[in-house]
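Colleague: I am new to this structure and would like a close look at a single part of it. Please take one residue as the way in, and then go on to what surrounds it.

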Amino acid sequence: MDQIALYRKYRPHNFDNLVGQDYIKTTLVNAIKSNHISHAYLFSGPRGTGKTSTARLVAKALICNDLQDDHDPCNKCEFCKDINMGRLIDLIEIDAASNRGIDEVRDLKEKINFAPTRAKYKVYIIDEVHMMTKEAFNALLKTLEEPPSHAYFILATTEIHKIPETIISRCQRFDFRRISNKALMTRLSYIAQMEKITADDKSLEAISKSSDGGLRDAIGLLEQLTTDGKLQFEKVGEVLGVSDSNLLNGMLDSLTNKDTKGALKIVHELHDQGSDLKKFIHEFVNNLRTQLLESVASGDNGKMATLMRMIDIFQEAQNELHIAIIPQLPLEIAVIKIAGPVVAKMEVSEPKVEEKVAEKVGEKLEPKAEKTPEERKHKAIDTGAIMFTLASIKDNWPRITERIKVPALKQSLKSAVPVKLEGNDLTIQFNTNFHKDKVMEHDHRVEVEAVINEVTDKPVKILVVVKELEIKSVVEKEKEDNIVDEALGIFGGEVMN
Ligand SMILES: [Zn+2]
């Protein structure tokens, strides 16, 4: 069965049915109404986002004998009917990617000056225009410089960067965007309804998400995954490898409500179903990301901080999946870290994270009032601040590193040990220069100092050393080299490489 039969059937026949691209739709409708249609349009954008469908609509609006509301083709006159059947001689559709297309573009320059055969205008739609040869572009350019009044051009491309600037500058350009999941879903459920396909929202949502903003792919999948008039999530989820949105939403709800048991239950359900945990985490983080961007837009700093922390922890779980002895363990740990009682206790001082975020987004913070020693003591008890001694910092090192946001920095600190505390100078020892340098990058050092300051309630300056072992080995290497040099001196030879 032809996978794009449904797509063809549901091609938009008027501007109202065009999915997404509202700005382009409005601009074109206004141009048609005011009779200011450009002689050359350039439609660029990802595949399946409606470029060719829009081009046909514009062509029909130009040629139709009986425009509706001054802009929509009637789909009833002889011209509309012939265009819908693909047989109007004055609408010339060229696929520049095909061999025939190359010849057609070559002919174009000669034939363009002939008057239209039946309609009042000749309309050229050139698809995949970026595939044209240099010669063809030159021919097209000449035509675009002085198009005959009866000729209109609509060029479409998925690769705008391959189009010469000289061509672009002679066209009115529209950039088609990926269609939103919501718009895709609305269109899919309309088609399902018209085709009497029983489909649940979960399945339609999964198809929309998998289609990456392309309507053609979305409708193709709808067609492909429907069996006996039914679209079932079991099959959709399996073929597309997507997770049940109920589980994804349930996970977020559980974590937000600190419902550790509920969240763990979802992990076990995923495991029992044999779901791809990697895929689940990927989708979950993607959902968190969407919400994070929304919270940035709305300026909800508290939510932003919570979401960033969740993303960090789940990304860490993702990294550990492939080395886990028990497959679901990293996910379980992530869930407990976020919702569990241990973390809940630590979060008494969470507003500080929010303050940091607020600073990053440029909000002015209330100046901090100087605390009296008495207040400081209380605060230290409230937040469970750790004592400012080397032993205490050492003991609490995992708890300190856990609060670091940047994953690479966190990793570097995990491999390090605090070795000396003098006044406010804390010396940290690293195994390698690599980790040492990572921590000493300005922003990183500031973050580490801020975190230690948070948990100890004392300002701290970080000093670093690299474990002596490495230094020793360098010294020893030099010694060895000296011995070789001496030997060479004695025997008068050269080192063979
Ligand atoms: Zn018509």
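Does Asp70 count as buried or exposed, and how many C-beta neighbours stand inside 10 Å of Asp70?

Modeller: This is a predicted model, and what follows should be read with that in mind. Asp70 has 11 C-beta neighbours inside 10 Å, and since a residue with 12 or fewer is called exposed, Asp70 counts as exposed. Its place is the loop between helix 3 and helix 4, the latter covering residues 78–85, and its phi is near 65°, a positive value in a residue other than glycine.

A second aspartate can be set beside Asp70. Asp212, in the loop between helix 9 and helix 10, also has a positive phi, of about 50°, although it is not a glycine; Asp212, however, is partly exposed, with 16 other C-beta atoms within 10 Å.

From the loop that holds Asp70 one can step back to helix 3, which lies across strand 1, strand 2, strand 3 (122–127) and strand 4, and runs at about 170° to strand 4. These strands belong to an open sheet of 5 strands with parallel pairing, in the order 2-3-4-1-5. Strand 2 (91–95) and strand 5 (172–175) each have a single partner strand, so they stand at the edges, with one side of each left without a neighbour in the sheet. From one strand to the next, the twist averages 15°. Within the sheet, strand 1 (residues 40–44) and strand 4 (residues 151–157) run parallel and are joined by 5 bridges, with Leu42 standing opposite Leu155 in strand 4.

Leu155 also leads to the interior, as it is among the residues with the most contacts inside the largest nonpolar core, which has 68 residues; Phe43, Ala59, Val123, Ile154 and Leu222 are likewise among them. Helix 3 (residues 51–63) gives the most to this core, with 7 residues. Domain 1 (5–175) and domain 2 (181–240) both contribute residues, so the core lies between them. For one view from inside, take Val123: leaving aside its neighbours within four places in sequence, Val123 is in contact with Ala59, Leu62, Ile63, Asp90, Leu91, Tyr152 and Ile154. Apart from this core lies another, of 23 residues, including Met251, Val267, Phe280 and Leu307. As general background, nonpolar side chains in soluble globular proteins tend to be buried together.

Leu222, named above for its contacts inside the largest core, is one of the buried residues of helix 10. Of the 11 residues of helix 10 (residues 215–225), 9 are buried, so this helix is largely enclosed by the rest of the structure. Its buried residues include Asp217 and Glu223 as well as Leu215, Ala218 and Ile219, and they pack against helix 1 (5–9), helix 8 (181–194), helix 9 (201–210), strand 7 (230–231) and helix 11 (233–240).

To return to the starting point, Asp70 is exposed with its 11 C-beta neighbours and sits in a loop between helix 3 and helix 4, whereas helix 3 itself gives the most residues to the largest nonpolar core.

Terms used. Residues numbered from 1 in each chain as written. Predicted model: local features only at pLDDT ≥ 70, side-chain atom pairs only at ≥ 80, totals over all residues. Core = buried A, V, L, I, M, F, W, Y, C linked by C-beta atoms within 7 Å. Buried ≥ 20, exposed ≤ 12 C-beta atoms within 10 Å, placed from the backbone. Helix = DSSP H or I, 4+ residues; strand = E, 2+ residues; numbered from the N terminus. Domains from an automatic or database assignment. Contact = placed C-beta atoms within 7 Å. Pairing = 2+ DSSP bridges. Axes fitted to C-alpha atoms, helices over the stretch in contact; angles between N-to-C directions.
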